[in-house]
Amino acid sequence: MEQFETAGRERIDSALPYYYMALIYQQLGNEKMAERNFKKSLIIEEQFISSLLALSEIYESRLDYVNLAVYLEKATKVVNDTFDIHIGLARACTQTGDIDRARTHLDEAVRLSKNNTDLIKEVLEGYIDAGLVDEADELFSHKLEDDNKETTIHFLNRLGLRARKSGDFNKAREFYLSCLKLDPQHKIVNYNMANLLFIQRQYEAAESYLKKTLRLHSDFTQAQDLMDAVQKKIAGPLGP
(Lines give C-alpha, C1' and ligand atoms only; values in the text may rest on other atoms or scores of the structure.)
Protein backbone atom coordinates (compact mmCIF):
# COMPACT_ATOMS: atom_id res chain seq x y z
CA MET A 1 0.00 0.00 0.00
CA GLU A 2 2.85 2.40 0.87
CA GLN A 3 4.52 1.78 -2.49
CA PHE A 4 1.30 2.50 -4.41
CA GLU A 5 0.66 5.64 -2.34
CA THR A 6 4.15 6.84 -3.26
CA ALA A 7 3.55 6.00 -6.91
CA GLY A 8 0.27 7.95 -6.79
CA ARG A 9 2.10 11.05 -5.57
CA GLU A 10 4.88 10.74 -8.12
CA ARG A 11 2.73 9.73 -11.11
CA ILE A 12 -0.28 11.98 -10.78
CA ASP A 13 -1.20 11.24 -14.41
CA SER A 14 -1.55 7.48 -13.81
CA ALA A 15 -4.75 5.74 -12.71
CA LEU A 16 -2.93 2.50 -11.87
CA PRO A 17 -1.74 3.31 -8.30
CA TYR A 18 -5.28 4.13 -7.19
CA TYR A 19 -6.63 1.05 -8.92
CA TYR A 20 -4.15 -1.22 -7.14
CA MET A 21 -4.77 0.49 -3.81
CA ALA A 22 -8.46 -0.16 -4.33
CA LEU A 23 -7.74 -3.85 -4.92
CA ILE A 24 -5.76 -3.98 -1.66
CA TYR A 25 -8.61 -2.32 0.23
CA GLN A 26 -10.94 -4.96 -1.19
CA GLN A 27 -8.63 -7.70 0.10
CA LEU A 28 -8.68 -6.00 3.50
CA GLY A 29 -12.47 -5.90 3.46
CA ASN A 30 -12.67 -2.10 3.32
CA GLU A 31 -15.16 -1.68 0.49
CA LYS A 32 -15.74 2.03 1.14
CA MET A 33 -12.06 2.86 0.62
CA ALA A 34 -11.91 0.51 -2.36
CA GLU A 35 -14.84 2.34 -3.94
CA ARG A 36 -13.19 5.70 -3.25
CA ASN A 37 -9.90 4.69 -4.89
CA PHE A 38 -11.57 3.14 -7.93
CA LYS A 39 -13.33 6.48 -8.39
CA LYS A 40 -10.03 8.36 -7.98
CA SER A 41 -8.55 6.29 -10.78
CA LEU A 42 -11.49 7.28 -12.99
CA ILE A 43 -10.91 10.96 -12.30
CA ILE A 44 -7.50 10.52 -13.89
CA GLU A 45 -8.60 8.15 -16.66
CA GLU A 46 -12.37 8.20 -17.09
CA GLN A 47 -12.41 5.23 -19.47
CA PHE A 48 -10.27 2.96 -17.28
CA ILE A 49 -12.29 -0.19 -17.90
CA SER A 50 -10.91 -2.20 -14.98
CA SER A 51 -12.18 0.37 -12.48
CA LEU A 52 -15.50 0.74 -14.25
CA LEU A 53 -16.10 -3.01 -14.01
CA ALA A 54 -14.83 -3.19 -10.44
CA LEU A 55 -17.28 -0.48 -9.36
CA SER A 56 -20.04 -2.29 -11.23
CA GLU A 57 -19.33 -5.41 -9.20
CA ILE A 58 -19.49 -3.42 -5.96
CA TYR A 59 -22.85 -1.89 -6.86
CA GLU A 60 -24.22 -5.23 -8.05
CA SER A 61 -23.31 -6.82 -4.71
CA ARG A 62 -25.14 -3.97 -2.94
CA LEU A 63 -28.17 -4.31 -5.24
CA ASP A 64 -27.60 -0.63 -6.11
CA TYR A 65 -29.04 -0.89 -9.60
CA VAL A 66 -29.02 2.84 -10.30
CA ASN A 67 -25.23 3.12 -9.91
CA LEU A 68 -24.74 -0.29 -11.52
CA ALA A 69 -26.51 0.98 -14.64
CA VAL A 70 -24.43 4.18 -14.61
CA TYR A 71 -21.07 2.41 -14.56
CA LEU A 72 -22.01 -0.37 -16.96
CA GLU A 73 -23.26 2.28 -19.39
CA LYS A 74 -19.86 3.97 -19.15
CA ALA A 75 -18.23 0.58 -19.75
CA THR A 76 -20.15 0.15 -23.01
CA LYS A 77 -18.53 3.35 -24.27
CA VAL A 78 -15.15 1.60 -23.90
CA VAL A 79 -15.97 -1.99 -24.89
CA ASN A 80 -19.28 -2.24 -26.68
CA ASP A 81 -19.07 -5.84 -27.88
CA THR A 82 -19.10 -7.66 -24.54
CA PHE A 83 -22.04 -9.90 -23.77
CA ASP A 84 -21.68 -9.77 -19.97
CA ILE A 85 -21.78 -5.97 -19.91
CA HIS A 86 -24.95 -5.75 -22.02
CA ILE A 87 -26.78 -8.50 -20.12
CA GLY A 88 -25.76 -6.93 -16.80
CA LEU A 89 -26.91 -3.51 -17.97
CA ALA A 90 -30.22 -4.97 -19.14
CA ARG A 91 -30.82 -6.49 -15.70
CA ALA A 92 -29.96 -3.21 -13.98
CA CYS A 93 -32.35 -1.30 -16.26
CA THR A 94 -35.08 -3.84 -15.56
CA GLN A 95 -34.64 -3.33 -11.83
CA THR A 96 -34.85 0.46 -12.20
CA GLY A 97 -37.92 0.19 -14.43
CA ASP A 98 -36.23 1.45 -17.59
CA ILE A 99 -37.65 -1.27 -19.81
CA ASP A 100 -36.88 0.46 -23.11
CA ARG A 101 -33.19 0.57 -22.26
CA ALA A 102 -33.37 -3.02 -21.00
CA ARG A 103 -34.81 -4.08 -24.36
CA THR A 104 -32.04 -2.29 -26.24
CA HIS A 105 -29.30 -4.07 -24.31
CA LEU A 106 -31.06 -7.44 -24.44
CA ASP A 107 -31.32 -7.10 -28.20
CA GLU A 108 -27.60 -6.37 -28.29
CA ALA A 109 -26.93 -9.38 -26.05
CA VAL A 110 -28.82 -11.59 -28.53
CA ARG A 111 -26.46 -10.42 -31.27
CA LEU A 112 -23.43 -11.09 -29.12
CA SER A 113 -24.62 -14.51 -27.97
CA LYS A 114 -23.66 -15.94 -31.38
CA ASN A 115 -26.06 -18.88 -31.01
CA ASN A 116 -24.44 -20.02 -27.77
CA THR A 117 -27.29 -21.87 -26.04
CA ASP A 118 -26.27 -20.94 -22.50
CA LEU A 119 -26.00 -17.26 -23.39
CA ILE A 120 -29.32 -17.31 -25.21
CA LYS A 121 -30.94 -18.76 -22.09
CA GLU A 122 -29.58 -15.81 -20.10
CA VAL A 123 -31.07 -13.36 -22.59
CA LEU A 124 -34.37 -15.21 -22.55
CA GLU A 125 -34.53 -14.95 -18.77
CA GLY A 126 -33.74 -11.26 -19.15
CA TYR A 127 -36.63 -10.68 -21.56
CA ILE A 128 -38.99 -12.54 -19.24
CA ASP A 129 -37.86 -10.61 -16.15
CA ALA A 130 -38.40 -7.36 -18.05
CA GLY A 131 -41.93 -8.42 -19.00
CA LEU A 132 -41.03 -8.53 -22.69
CA VAL A 133 -43.08 -11.65 -23.35
CA ASP A 134 -43.36 -11.27 -27.13
CA GLU A 135 -39.61 -10.81 -27.51
CA ALA A 136 -38.96 -13.79 -25.25
CA ASP A 137 -41.43 -15.94 -27.14
CA GLU A 138 -39.85 -15.05 -30.49
CA LEU A 139 -36.32 -15.72 -29.25
CA PHE A 140 -37.37 -19.02 -27.70
CA SER A 141 -39.15 -20.24 -30.82
CA HIS A 142 -36.19 -19.38 -33.05
CA LYS A 143 -33.31 -20.51 -30.85
CA LEU A 144 -34.34 -22.90 -28.08
CA GLU A 145 -37.64 -24.65 -28.71
CA ASP A 146 -35.98 -27.81 -29.96
CA ASP A 147 -33.26 -27.87 -27.27
CA ASN A 148 -34.88 -30.47 -24.96
CA LYS A 149 -38.18 -31.12 -23.22
CA GLU A 150 -37.08 -29.89 -19.78
CA THR A 151 -35.73 -26.62 -21.16
CA THR A 152 -38.85 -26.09 -23.24
CA ILE A 153 -41.18 -26.65 -20.28
CA HIS A 154 -39.09 -24.43 -18.02
CA PHE A 155 -39.22 -21.44 -20.34
CA LEU A 156 -42.81 -21.90 -21.49
CA ASN A 157 -43.89 -22.07 -17.86
CA ARG A 158 -41.88 -18.91 -17.09
CA LEU A 159 -43.49 -17.20 -20.06
CA GLY A 160 -46.89 -18.25 -18.78
CA LEU A 161 -46.20 -16.81 -15.35
CA ARG A 162 -45.01 -13.54 -16.84
CA ALA A 163 -47.95 -13.27 -19.23
CA ARG A 164 -50.33 -13.89 -16.31
CA LYS A 165 -48.60 -11.20 -14.27
CA SER A 166 -49.04 -8.80 -17.21
CA GLY A 167 -52.75 -9.63 -17.36
CA ASP A 168 -52.57 -11.46 -20.69
CA PHE A 169 -54.46 -14.54 -19.51
CA ASN A 170 -55.07 -15.98 -22.97
CA LYS A 171 -51.39 -15.99 -23.79
CA ALA A 172 -50.56 -17.46 -20.38
CA ARG A 173 -53.01 -20.27 -21.03
CA GLU A 174 -51.43 -20.99 -24.42
CA PHE A 175 -47.99 -21.29 -22.82
CA TYR A 176 -49.26 -23.65 -20.12
CA LEU A 177 -51.09 -25.81 -22.65
CA SER A 178 -47.93 -26.07 -24.73
CA CYS A 179 -46.11 -27.32 -21.63
CA LEU A 180 -48.80 -29.88 -20.89
CA LYS A 181 -48.63 -31.27 -24.41
CA LEU A 182 -45.05 -32.25 -23.59
CA ASP A 183 -45.77 -33.45 -20.05
CA PRO A 184 -49.49 -33.77 -19.21
CA GLN A 185 -48.76 -34.67 -15.59
CA HIS A 186 -46.31 -31.86 -14.85
CA LYS A 187 -46.92 -30.91 -11.23
CA ILE A 188 -46.09 -27.20 -11.33
CA VAL A 189 -47.65 -26.43 -14.71
CA ASN A 190 -50.95 -28.08 -13.75
CA TYR A 191 -50.95 -26.03 -10.56
CA ASN A 192 -50.19 -22.81 -12.45
CA MET A 193 -52.96 -23.54 -14.94
CA ALA A 194 -55.39 -24.12 -12.07
CA ASN A 195 -54.28 -20.86 -10.48
CA LEU A 196 -54.89 -19.02 -13.74
CA LEU A 197 -58.35 -20.54 -14.09
CA PHE A 198 -59.16 -19.65 -10.50
CA ILE A 199 -58.28 -16.00 -11.20
CA GLN A 200 -60.59 -16.17 -14.23
CA ARG A 201 -63.36 -17.67 -12.03
CA GLN A 202 -63.41 -20.88 -14.04
CA TYR A 203 -63.64 -22.95 -10.88
CA GLU A 204 -64.72 -26.31 -12.29
CA ALA A 205 -61.89 -26.26 -14.84
CA ALA A 206 -59.43 -25.29 -12.10
CA GLU A 207 -60.68 -28.17 -9.98
CA SER A 208 -60.03 -30.60 -12.83
CA TYR A 209 -56.37 -29.60 -13.10
CA LEU A 210 -55.91 -29.74 -9.35
CA LYS A 211 -57.41 -33.22 -9.13
CA LYS A 212 -54.96 -34.41 -11.75
CA THR A 213 -52.08 -32.94 -9.77
CA LEU A 214 -53.18 -34.12 -6.33
CA ARG A 215 -53.84 -37.63 -7.60
CA LEU A 216 -50.10 -38.01 -8.16
CA HIS A 217 -48.82 -35.52 -5.59
CA SER A 218 -51.06 -35.73 -2.55
CA ASP A 219 -48.46 -33.90 -0.43
CA PHE A 220 -48.48 -30.81 -2.69
CA THR A 221 -49.62 -28.35 -0.01
CA GLN A 222 -50.10 -25.33 -2.29
CA ALA A 223 -52.29 -27.34 -4.64
CA GLN A 224 -54.39 -28.62 -1.74
CA ASP A 225 -54.83 -25.07 -0.40
CA LEU A 226 -55.95 -23.91 -3.83
CA MET A 227 -58.29 -26.90 -4.11
CA ASP A 228 -59.93 -25.90 -0.81
CA ALA A 229 -60.44 -22.37 -2.13
CA VAL A 230 -61.81 -23.67 -5.44
CA GLN A 231 -64.27 -26.02 -3.80
CA LYS A 232 -65.55 -23.27 -1.54
CA LYS A 233 -66.25 -21.18 -4.63
CA ILE A 234 -68.02 -24.09 -6.32
CA ALA A 235 -70.14 -24.77 -3.24
CA GLY A 236 -71.09 -21.09 -3.08
CA PRO A 237 -72.09 -19.04 -0.02
CA LEU A 238 -74.81 -21.53 0.97
CA GLY A 239 -72.62 -24.61 0.54
CA PRO A 240 -71.42 -26.89 3.33
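Angles under 35 degrees count as roughly parallel, over 145 as roughly antiparallel, 65 to 115 as roughly perpendicular and the rest as oblique. The legends below describe a predicted model, in which local features need pLDDT of at least 70, side-chain atom pairs count only at pLDDT 80 or more, and totals for chains, interfaces and linings use all residues. Residues are numbered from 1 along each chain as its sequence is written, and side-chain values use heavy atoms, with hydrogens and water left out.

**View 1. The whole protein has 14 helices and 0 strands.** Helices (H or I, at least four residues) and strands (E, at least two) are DSSP runs, numbered from the N terminus. The radius of gyration, taken over C-alpha atoms, is 25 Å, well over the 18 Å that the globule rule gives for 240 residues, so the protein is more spread out than a compact globule. The globule rule is 2.2 Å times the number of residues to the power 0.38. The C-alpha trace spans about 85 × 40 × 30 Å along the principal axes. Of the 240 residues, 40% are buried (buried means under 20% relative accessible area, exposed over 50%, partly exposed in between, with a 1.4 Å probe and protein chains only).

**View 2. Helix 4 packs against helix 5.** Helix 4 covers residues 49-61 and helix 5 residues 65-76; the angle is about 160° and the axes are 8 Å apart. Axes are lines fitted to C-alpha atoms, for helices over the stretch in contact, and angles run from 0 to 180 degrees between N-to-C directions. Helix 4 and helix 5 are therefore roughly antiparallel to each other. Their crossing is left-handed (the near helix is turned anticlockwise from the far one by less than a right angle; clockwise would be right-handed). The contact (heavy atoms within 4.5 Å) includes Leu52, Leu53 and Tyr59 of helix 4 and Leu68, Tyr71 and Leu72 of helix 5. By class, the contact residues of these two helices are 9 nonpolar, 2 polar and 2 charged. Ala, Val, Leu, Ile, Met, Phe, Trp, Tyr, Cys and Pro count as nonpolar, Asp, Glu, Lys and Arg as charged, and the others, Gly among them, as polar.

**View 3. Helix 10 packs against helix 11.** Helix 10 (residues 149-165) and helix 11 (residues 169-182) make an angle of about 160°, and their axes are 8 Å apart. That makes helix 10 roughly antiparallel to helix 11. The crossing of this pair is left-handed. Among the residues that meet are Ile153, Leu156 and Gly160 in helix 10 and Phe169, Phe175 and Cys179 in helix 11. This contact has 11 nonpolar, 4 polar and 3 charged residues.

**View 4. Asparagine 190 is in contact with Thr213.** Asparagine 190 lies in helix 12 (residues 187-199), and threonine 213 in helix 13 (residues 203-216). Asparagine 190 counts as buried, at 0% relative accessibility; threonine 213 is also buried, with a relative accessible area of 2%. Beyond neighbours within four places in sequence, the contacts of asparagine 190 include Leu180, Pro184 and Tyr209. Leaving out residues up to four places away, threonine 213 touches Lys187, Asn190, Tyr191, Phe220 and Ala223.

**View 5. Lysine 114 is found in the loop between helix 7 (99-113) and helix 8 (117-129).** Asparagine 115 has its place in the loop between helix 7 and helix 8. Lysine 114 is not a glycine, yet has a positive phi of about 50°. Asparagine 115, not a glycine either, has a positive phi of about 65°. Lysine 114 counts as exposed at 71% relative accessibility, and asparagine 115 counts as exposed at 52%.
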